[in-house]
Amino acid sequence: MDSKSISDGILRAIAILAGVVALGYFLYLIQTVLIYLLFAIVVALIGRPIVMFLKNRLKFPDTLAVLVVILFVLGLLVGLIMLFIPVLVEQGKNLSILDVDGFSRNLKLIELEINKFFGRTPLSIDNMVDTQELKKEFIQGIEMNFIPKLLNGLVSVLSSFSLGLISVLFISFFFLKDSKLVQNSLLALVPDSKETRLINSIGKIKNLLSRYFLGLLAQIMVLFIIYTVTLLLVGVENALVIAFLCAIFNIIPWLGPLIALALMVILTITSHLGADFSTVILPDIGWVIIGFGIGQLIDNLFSQPLIFANAIKLHPLEIFLVILMAGMLFGVVGMIIAIPGYTAIKVILKEFLSENKFVKKLTQNM
């Protein structure tokens, strides 16, 4: 190998590296658009079976079927927002009339009850909650224009959310109306000899992920019903909203259920401030834990096997390892997208590298 070949190889490697870095930076700059596309793809995958049902069974025109699905998604989101608004308004009223002295007394009562129940010497909670310090913080917050800043932040969040919602629904409309939109774009990037395999891969991915996301919705609904019944039994206010939020947390593997349990226990305690710990609060916490346990048993024994084993053909150990590695590499977001992403990769590997021994073993159940 002469010096010219070596220099050409080095230049080529530098050019490829620079191209990868430039592409990565470009993707970083348009990360918001990529997030919109990701959400739009999820909406399209969930809405696809409904569109097919409206078109094939009810004979809806293509545009009308897609429009019905988009309006349904929009109505569902508006309904969820309307559920949360009364809770936020109520909490705002509670903050405006907050009795700091009473709040401190209630916390001291709970501390005394807990220590009494466990036979411990009462410890002062003044280091945790100091009435004068709380009052001072409230006054400083007002002096620092906390409310105007809060309102500005709220307006900014609402503006971003509205833009994102409109963008996602707009993109989803065209993904649903023209199911081959993404496919045709990807076909332009592959050689003609690979087009058939790519078309087969995209079709399989659509079917698998549609079943996965529909199963995920069913999983959330089952947990929502169980959590709602549990919170209503112990008398927690706004049980519907809290149960729905806790069911949504279940999307995050492992960490999500723990957050949901902690949230339900804390809200159970705060909804019974001033009540006897051993006869009221502790039994209610026990009922919450039992209800949560029932929900998790049903989820782990029935819901998840139905989704992962039947819908996307993944082994439980495979799921565990994939989620673990994705979480270590990309954090919570990686854990959420691990299963859909891994499913898509397996389909592509099976279609393009079906003769490879490792790939054949990895995808034998698909």
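What percentage of the 366 residues of the protein chain count as buried? Here are my notes, starting with that one.

1. **The chain overall.** The answer is 30% of the 366 residues. Keep in mind as you look around that this is a predicted model. The chain has 13 helices and zero strands, so if you read along the sequence you just get α-α-α-α-α-α-α-α-α-α-α-α-α. As for contacts with a separation of 6 or more, 64% of them join residues 24 or more positions apart.

2. **Helix α8 against helix α9.** Find α8 at residues 195-233 and α9 at residues 239-249. Two packed helices are described by the angle between their axes and the distance between the axes. For α8 and α9, the angle is about 140° and the axes are 8 Å apart. That makes α8 oblique to α9, because an angle has to be over 145 degrees to count as roughly antiparallel. The crossing of this pair is right-handed.

3. **Who touches whom there.** On the α8 side you'll find I220, L223, F224, Y227, T228, L231 and L232. Facing them from α9 are A239, L240, I242, A243, F244, C246, A247 and I248. Sort the residues of this contact by class and you get 14 nonpolar, one polar and no charged.

4. **Helix α8 against helix α12.** Now follow α8 to another partner, α12, which covers residues 316-352. These two pack at about 150°, with their axes 9 Å apart. Angles over 145 degrees count as roughly antiparallel, so that is the label for α8 and α12. Their crossing is right-handed.

5. **The α8 and α12 contact.** From α8, the residues taking part are R197, L198, N200, S201, K204, I205, L208, L209, Y212 and F213. They meet I339, P340, T343, A344, V347, I348, E351 and F352 in α12. By class, this contact has 12 nonpolar, three polar and three charged residues. So which classes do R197, K204 and E351 belong to? Arg, Lys and Glu count as charged.

6. **Aromatic pairs.** The count comes to six aromatic pairs. One of them is F173 with F174: the ring centres are 5.3 Å apart and the planes sit at 90°, so this pair is edge-to-face. F173 counts as buried at 18% relative accessibility, while F174 is partly exposed at 37%. Ring pairs also bring in F170, linking F170, F173 and F174 into a cluster.

7. **A stacked pair.** How far apart are the ring centres of Y227 and F292? They are 6.1 Å apart, and with the planes at 10° the pair is stacked. This pair links distant parts of the chain: Y227 is in helix α8 and F292 is in helix α11 (residues 277-311), 65 residues apart. Y227 is buried, with a relative accessible area of 0%, and F292 is buried too, at 10%. You met Y227 earlier, among the α8 residues that meet α9.

8. **D284 in helix α11.** Is D284 buried or exposed? Its place is in α11, and at 13% relative accessibility it counts as buried, because the cut-off for buried is under 20%. Leaving aside its neighbours within four places in sequence, D284 is in contact with V234, T268 and H272.

Terms used. Residues are numbered from 1 along each chain as its sequence is written. This is a predicted model: local features need pLDDT of at least 70, side-chain atom pairs count only at pLDDT 80 or more; totals for chains, interfaces and linings use all residues. Side-chain values use heavy atoms; hydrogens and water are left out. Axes are lines fitted to C-alpha atoms, for helices over the stretch in contact, and angles run from 0 to 180 degrees between N-to-C directions. Helices (H or I, at least four residues) and strands (E, at least two) are DSSP runs, numbered from the N terminus. Angles under 35 degrees count as roughly parallel, over 145 as roughly antiparallel, 65 to 115 as roughly perpendicular and the rest as oblique. A crossing is left-handed if the near helix is turned anticlockwise from the far one by less than a right angle, and right-handed if clockwise. Contact means heavy atoms within 4.5 Å. Rings of Phe, Tyr and Trp (its six-membered ring) pair if their centres lie within 6.5 Å; planes under 30 degrees apart count as stacked, over 60 as edge-to-face and the rest as tilted. Buried means under 20% relative accessible area, exposed over 50%, partly exposed in between (1.4 Å probe, protein chains only).
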